[in-house]
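Here is a walk through one protein model, with an eye on its charged side chains and the way its parts meet. Have the sequence and the 3D view open as you read.

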Amino acid sequence: MQFGILSTAGIGVKSVIPAVQASEHTAAAIASRDEARASAVADELGIPTAYGSYEALLADDSLDAVYVPLPNGLHADWVRAAADRGLHVLCEKPLTASADETAALFDYCEDAGVTLMEAFMYRFHPRTERAAELVASELGEVVSVTSNFSFRLPDGAEDIRIDPDLAGGSVMDVGCYAVSAARLFLGTPDRVYATTTDTRDCGVDTRMSGVLEYDDGATARVESSFDTPETQYYRVQTTDGWLEATPAFNVGSTASAELTYATDGRVVTETFDPTDSYRREVEAFARAVETGETPRVDREESVEVMRTIDAIYESADTGRAVELN
């Protein structure tokens, strides 16, 4: 599969382009609003073609798909533009800034006959797959989930992640991972209560703490922040034990990963060899395109995670719990 890369964003340059190149697929073209920048990155990474606009890349008939790592607020417009050209789309999380817009984007891509997948790369790590398997089949009923993804954004930084016009905020940037993990183990909550704080007076949340409640009595606590040292973990508490992973989401491709769990008093730690989650994500996306199968991160997952995020923001705005079902 021939991939075009829409922008020279760091996550693409450092992680996704190398992942495509390590697979059987090809990073065939890259675009930037600055043609010199696109050419420099293309030369550095061995990408055959560079374009000075996103529109020019989308007009390249040799491409099969595009990867979109643009700022959050630009995702929907460029996903639609790619779909209009018949290109399949792997798009960074979050796809859009609301559940309704996410559902509409999937409708648009389905009407255009192209595959759309949201790029939650941690879902493709073997440890995540094993954790989901253990919780589903070997541990008891889930009582609670705690999930956190936080890091310190430098003070005074001018960054798209704190730009309200580009759908910034800690929830949108890293809190979405915490919500995704809670949903992986417990599904969509029945109600949400959350608080957010804008510690930098930038117009978006820089901290979030939320409680997700389920009618069967289970709960999840999710947190995100731009103001604390890096923390990324999830812990699942069950009626007969627990399961924990840290760092849970962004595990480097050269680092091993551990999963520790306990059941009936027995504690087990499983170690996973270094794995490139981005490569596995790219390969899974390409396989879904080629076979017509539903991607692992599918319409339902993307919409339901964003429904929960919508409720987090609504609750933080109103100071009240928000019912989802």
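What follows starts with the domains, moves on to the salt bridges, and ends with a look at a few single residues.

## Two domains and where they meet

First things first: this is a predicted model. The chain splits into domain 1, residues 2-120, and domain 2, residues 122-323. Measure from one C-alpha centre to the other and you get 24 Å between the two domains. On the domain 1 side, 35 residues take part in the contact, and domain 2 puts in 30 residues.

How much area is buried between domain 1 and domain 2? The figure is about 2900 Å², with carbon and sulfur atoms giving 71% of it. If you want to see who loses the most area on the domain 1 side, click on Ala99, Met117 and Phe120, which together make up 26% of what that side buries.

## Polar links across the domains

There's some charge pairing between the domains too: three salt bridges are counted between domain 1 and domain 2. The count of residue pairs in polar contact between the two domains is ten, taking pairs with both residues at pLDDT 80 or more. Which elements give two or more residues to the side of domain 1 that touches domain 2? They are helix α1 (10-22), strand β5 (88-92), helix α5 (99-112) and strand β6 (116-119). Sort the residues on that side by type and you get 21 nonpolar, ten polar and four charged.

Elsewhere in the view, look for Glu110 and Arg299, whose side chains join in a salt bridge at 3.2 Å, N to O.

## Salt bridges, long reach and short

Over the whole structure, the tally is 24 salt bridges. One of them pairs Arg183 with Glu300, with 3.4 Å between the closest N and O atoms. That pair ties together distant parts of the chain: Arg183 sits in helix α7 (residues 170-186) and Glu300 in helix α9 (residues 299-318), 117 residues apart. Are the two partners buried or exposed? Arg183 is buried, at 18% relative accessible area, whereas Glu300 is exposed, at 51%. Both calls sit by a cut-off, as buried means under 20% and exposed means over 50%.

For a pair within one helix, go to Glu283 and Arg279, which form a salt bridge at 2.8 Å, N to O. Both belong to helix α8 (residues 277-291) and are four residues apart, about one turn of the helix. Glu283 is partly exposed at 25% relative accessible area, and Arg279 is partly exposed as well, at 33%. There is also a network: salt bridges link Arg130, Glu133, Glu138 and Glu270.

## Arg221 and its partners

Arg221 is worth a stop. Glu223 forms a salt bridge with Arg221, the closest N and O atoms being 3.3 Å apart. Glu223 counts as partly exposed at 23% relative accessibility, and Arg221 is partly exposed at 39%.

The side chain of Arg221 also makes a polar contact with the side chain of Ser209, at 3.0 Å. Ser209 itself lies in strand β9 (residues 207-213). Setting aside neighbours within four places in sequence, Ser209 touches Tyr193, Ala194, Thr195, Arg221, Val222 and Glu223, so you'll meet the Glu223 and Arg221 names again there.

## Two more residues to click on

Arg280 is in helix α8 and is partly exposed, with a relative accessible area of 30%. Where does Val20 sit relative to Arg280? The two are 260 residues apart in sequence, yet 9.4 Å apart in space, C-alpha to C-alpha. Beyond its neighbours within four places in sequence, Arg280 is in contact with Phe124, His125, Pro126, Glu129 and Thr275.

Thr238 is in strand β11 (residues 227-238). With a relative accessible area of 7%, Thr238 is buried. The side chain of Thr238 makes a polar contact with the side chain of Asp240, at 2.8 Å. Leaving out neighbours within four places in sequence, the contacts of Thr238 are Leu139, Gly140, Glu141, Val142 and Val143.

Conventions:
Residues numbered from 1 in each chain as written. Predicted model: local features only at pLDDT ≥ 70, side-chain atom pairs only at ≥ 80, totals over all residues. Heavy atoms only, no water. Salt bridge = Lys/Arg side-chain N within 4 Å of Asp/Glu carboxyl O. Buried < 20%, exposed > 50% of the residue type's maximum accessible area, 1.4 Å probe, protein only. Domains from an automatic or database assignment. Contact = heavy atoms within 4.5 Å. Buried area = accessible area lost by both parts, 1.4 Å probe. Polar contact = N/O pair within 3.5 Å; in protein donor to acceptor, adjacent residues only side chain to side chain. Nonpolar A, V, L, I, M, F, W, Y, C, P; charged D, E, K, R; others polar.
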